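Hi everyone, thanks for coming. I'd like to walk you through one model today, so please have the sequence and the 3D view open.

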Amino acid sequence: MDSALWQKCIEFHGHICPGLAIGFRACEVAIEKLDLTFSKDEEVVCITETDACGVDAIQVILGTTIGKGNLILKDRGKHAFTFFRRDTNEGIRVVFKGFEKDVPREERLKIILSAPLSQLFELKQPKDNIPPSARIFKSVECTGCGEKTAENKIRVLDGKFYCLDCFEEYSRGWSR
């Protein structure tokens, strides 16, 4: 384990916890299997299936962020992370196996940080294809609130443009 990198993750996240350790170790798997390095732009993409602590480690170690468009939250409540390399189109889904019994927090942390990666994670083929690179959309003024909104998030009603907050959804009880 790279203790300097672990310390950097702790500083970014704000505290030490098992969740942060899961993300840290998931990065070890991705780096080992895909030969990844820190992503200055969108060279590495991560689709995370959780919004938990581990995502902070992934941001620090691999440089994936929501703002760059190479960190995508697909919240399923799972400690599962799919990593892609854009230059080779390779990907791997790294799924935390969890614990079979109730293990105290401090013990979980020790196990996660020291156990062999194969004991902690199941490696699978990605469920998703590598997402396209991030796009920049034009801004459109909302008729309701007057705020500029990305055109891909605008709704049109009677020829007027509305942001998602101002648009009154019409579903008549059915959903798509």
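Before we start on the helices, a word on terms: an axis here is a line fitted to C-alpha atoms, for helices over the stretch in contact, and angles between N-to-C directions run from 0 to 180 degrees. Keep in mind, too, that this is a predicted model.

With that in hand, let's take the first pair. Helix α1 and helix α2, which spans residues 18–34, pack with their axes 11 Å apart, at an angle of about 135°. The two helices are therefore oblique to each other. If you rotate the view, you'll find that α1 and α2 make a right-handed crossing. And who does the touching? On the α1 side we have Leu5, Trp6, Cys9, Ile10 and His13, and they meet Leu20, Ala21 and Phe24 of α2. Sorted by class, that contact of α1 with α2 has seven nonpolar residues, one polar and no charged ones.

Now stay on α1, residues 3–13, and look towards helix α3, residues 54–62: their axes come within 9 Å and cross at roughly 125°. That makes α1 oblique to α3. The crossing of α1 and α3 is right-handed. Here Leu5, Lys8, Cys9, Phe12 and His13 of α1 meet Asp56, Ala57, Gln59, Val60 and Ile61 of α3. The mix of residues in the contact of α1 with α3 is six nonpolar, two polar and two charged. You may have spotted some names coming back: Leu5, Cys9 and His13 take part in the contact with α2, and Leu5, Cys9 and His13 also take part in the contact with α3.

Let's move on to α3 itself. How many of the residues of α3 are buried? Nine of the nine, so α3 is largely enclosed by the rest of the structure. The buried residues run from Gly54 and Val55 through to Ile61 and Leu62, and they include Asp56 and Gln59. What covers them? The cover includes α1, α2, β1, β2 (71–73) and β3. Just after the helix, Gly63 takes a positive phi of about 70°.

That brings us to strand β3, residues 80–85, which is mostly covered, with six of its six residues buried. Which residues sit on which side? Ala80, Thr82 and Phe84 lie on one face, with Phe81, Phe83 and Arg85 on the other, and both faces are covered. As for strand partners, β3 pairs with strand β1 (residues 44–48) in the antiparallel sense over five bridges. One pair to click on is Cys46, whose bridge partner in β3 is Phe83. Strand β4, residues 90–96, also runs antiparallel to β3, joined by six bridges. There, Phe84 has Gly91 as its bridge partner in β4. β3 and β4 form a hairpin with four residues between them, and Asn89 in the turn has a positive phi of about 60°.

Let me zoom out to finish. The protein has five helices and nine strands, and from the N terminus on they run α-α-β-α-β-β-β-α-α-β-β-β-β-β. Its C-alpha atoms fill a box of roughly 60 × 40 × 30 Å along the principal axes. Of the 176 residues, 39% are buried. Finally, among contacts between residues at least 6 apart in sequence, 62% join residues at least 24 apart. Thanks, and I'm happy to go back to any of these views!

How values were computed:
Residues are numbered from 1 along each chain as its sequence is written. This is a predicted model: local features need pLDDT of at least 70, side-chain atom pairs count only at pLDDT 80 or more; totals for chains, interfaces and linings use all residues. Side-chain values use heavy atoms; hydrogens and water are left out. Angles under 35 degrees count as roughly parallel, over 145 as roughly antiparallel, 65 to 115 as roughly perpendicular and the rest as oblique. A crossing is left-handed if the near helix is turned anticlockwise from the far one by less than a right angle, and right-handed if clockwise. Contact means heavy atoms within 4.5 Å. Ala, Val, Leu, Ile, Met, Phe, Trp, Tyr, Cys and Pro count as nonpolar, Asp, Glu, Lys and Arg as charged, and the others, Gly among them, as polar. Buried means under 20% relative accessible area, exposed over 50%, partly exposed in between (1.4 Å probe, protein chains only). Two strands pair if DSSP finds at least two bridges between them.
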